[in-house]
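Morning, everyone. Please have a look at the structure on the screen. I'll keep this short.

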Amino acid sequence: MFLRGSILAGAVALVAMSASSASAQGVFTLSSPNFKDGERLATKYAGNNKSNPNCVGENISPALNWSNPPEGTKSFALLMFDPEGRPPGGVSHWVAYGIPADVTGFAEGEVSKESKKYVGGSSLMKLPHYFGPCTPPGPIHHYTLTLMATDLEPTALAAGLTRDEAIKALDGHVKQATGLIGTFSKP
């Protein structure tokens, strides 16, 4: 009887572990091979505006990958925002949307310029592509990348939307969102 109870308990534990592993595999996630969530971005990912002494990088966009979007996803939207930049409003570094559902990421440097893989919005710098951190001396800033799976066709939104306009246009169309934070401070 003890042996049968142990086998049954082991089987229940195995099923429970398998179920939690299967559900963990199905989570919508955004990641980068270049930095882990909450880690400092390499200097090469910082902005390169030579007229701004706080832009100390090469403006190379980090690689981004995502997986397990919710069923029915037609496109993605991706925002990069620095909440500590230029208080009280923060700094919008990148606004991209209309990313087709079959796109699962961007290679390093791919979105440092316009791409056919997404519709470019308008960042605070009036750019339709990635622009990296230009953090002033002082405390670290948090660069939040938010990826949203939407029910919108990739061509649904016009190019050039600001962050606020994109958020308004996406309202009611986001199926699920995931995020990733990189930090940066001037070296």
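I'll take the pockets, then one sheet. Keep in mind that this is a predicted model.

Start with the largest pocket. Its volume is about 300 Å³. Which residues lie nearest its centre? They are Asn52, Arg86, Val91, Met125 and Cys134, out of a lining of 17 residues. Two elements give two or more residues to that lining: β4, residues 91-100, and β7, residues 141-150. Now the chemistry. Eight lining residues are nonpolar, seven are polar and two are charged.

On to the second largest pocket. Here the volume is about 170 Å³. What lines this pocket? From the earlier part of the numbering, we have Phe81, Gly89, Gly90 and Ser92. Then come Ser122, Ser123, Leu124 and Lys126. Thr162, Arg163 and Asp164 complete the lining. By class, that gives two nonpolar, six polar and three charged residues.

Now the sheet. It is open and has three strands, in the order β1-β2-β5. The pairing is antiparallel. Why do β1 and β5 each have one side without a neighbour in the sheet? β1, residues 29-31, and β5, residues 105-106, stand at the edges, and each has a single partner strand, so one side stays free of a neighbour in the sheet.

Look at β2 and β5 in detail. β2 covers residues 64-67 and pairs with β5 over two bridges, in the antiparallel sense. To find the place on your screen, go to Asn65: opposite it stands Gly105 in β5.

Methods: Residues are numbered from 1 along each chain as its sequence is written. This is a predicted model: local features need pLDDT of at least 70, side-chain atom pairs count only at pLDDT 80 or more; totals for chains, interfaces and linings use all residues. Side-chain values use heavy atoms; hydrogens and water are left out. On a 1 Å grid over the protein atoms alone, a cavity is a set of points where a 1.4 Å probe fits but cannot get out, and a pocket is an open set with protein on both sides within 12 Å along at least five of seven lines; lining residues have an atom within 4 Å of a point. Grid points are joined across faces, edges and corners, and a volume is the space filled by probe spheres set on the points. Helices (H or I, at least four residues) and strands (E, at least two) are DSSP runs, numbered from the N terminus. Ala, Val, Leu, Ile, Met, Phe, Trp, Tyr, Cys and Pro count as nonpolar, Asp, Glu, Lys and Arg as charged, and the others, Gly among them, as polar. Two strands pair if DSSP finds at least two bridges between them.
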